[in-house]
Amino acid sequence: MADVETKEERMILVAVDGGEESMYALSWCLKNIISSNSNDTLLLLYSKPPRVVYSALDGTGYLFSSDVMATMERYSKELADSVMEKAKRVCRGYSEATKVETMVEHGDPRDVICEVAEKIKPQVLVMGSHGYGLIKRAFLGSVSNHCAQNVKCPVLIVKMPKH
């Protein structure tokens, strides 16, 4: 009886946001981590920004009508759909054995990525880097740095080459 080679199943979490940096990280992952004979699942994660809540007590005096709120929610959904479609296009043409799944969550990307990584326990988390300098990073924060310090799986931060 011949030995049957079993392929190791891996879960690879890739955080995407529609920017060049995250799409570059995704394509880098596909070229360098995913092998043609792998049995991997690639989970593409997009975090919708938190919903902004305005009240009459916030000093502005503005309240959004239900029509405006519905329009904002529709735009948010269309943006998420667009980001995921773009990411799925990047994935086409790579290993057919790799399963590609998508997940869209609401919240601060730092928290969402860490929570999803904690829940699904991927073998690796792949993220792009905006390459902010020290000053910008101090003011804007770094999602990839936060995740690298707080998730329990290996984190691969892919930086785009300078053109």
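In the predicted model, buried residues account for 34% of the 163 residues in the protein. The protein exposes about 10600 Å², of which carbon and sulfur atoms supply 54%. Its secondary structure comes to five helices and five strands, and these elements, read from the N terminus on, follow the order β-α-β-α-β-α-β-α-α-β. When contacts between residues at least 6 apart in sequence are considered, 80% of them join residues at least 24 apart.

The largest nonpolar core contains 21 residues, and the members that touch the most other members are I12, V14, V16, L26, L42, L44 and V126. Two or more residues are given to this core by each of the elements β1 (9–15), α1 (20–32), β2 (39–48), α2 (66–91) and β4 (124–129). The surroundings of V126 can be described in detail: with residues up to four places away in sequence not counted, V126 touches I12, L13, V14, A15, A25, C29, I33, L156 and V158. Apart from the largest core, there is a second, separate core of 15 residues, and its members include L43, V112, C114 and V151.

One member of this second core, C114, is found in helix α3. C114 has a relative accessible area of 13%, and because this value lies under 20%, the residue is classed as buried. Leaving aside neighbours within four places in sequence, the residues in contact with C114 are H146, C147, N150 and V151. C114 and C147 are separated by 33 residues in sequence, while their C-alpha atoms are 6.1 Å apart in space.

The contacts of C114 with H146, C147 and N150 belong to the packing of two helices, since C114 is among the residues of α3, and these three are among the residues of α5, that make the contact between them. Helix α3 (residues 109–120) and helix α5 (residues 143–150) pack at an angle of about 35 degrees, and their axes are 9 Å apart. The crossing of α3 and α5 is right-handed. On the side of α3 the contact is made by P109, R110, D111, I113 and C114, and on the side of α5 by V143, H146, C147 and N150. Sorted by class, the residues in the contact of α3 with α5 are five nonpolar, two polar and two charged.

Terms used: Residues numbered from 1 in each chain as written. Predicted model: local features only at pLDDT ≥ 70, side-chain atom pairs only at ≥ 80, totals over all residues. Heavy atoms only, no water. Axes fitted to C-alpha atoms, helices over the stretch in contact; angles between N-to-C directions. Helix = DSSP H or I, 4+ residues; strand = E, 2+ residues; numbered from the N terminus. Left-handed = near helix turned anticlockwise from the far one by under 90°. Contact = heavy atoms within 4.5 Å. Nonpolar A, V, L, I, M, F, W, Y, C, P; charged D, E, K, R; others polar. Core = buried A, V, L, I, M, F, W, Y, C linked by side-chain atoms within 4.5 Å. Buried < 20%, exposed > 50% of the residue type's maximum accessible area, 1.4 Å probe, protein only. Areas by Shrake-Rupley, 256 points an atom, 1.4 Å probe, with all protein chains shown as cover.
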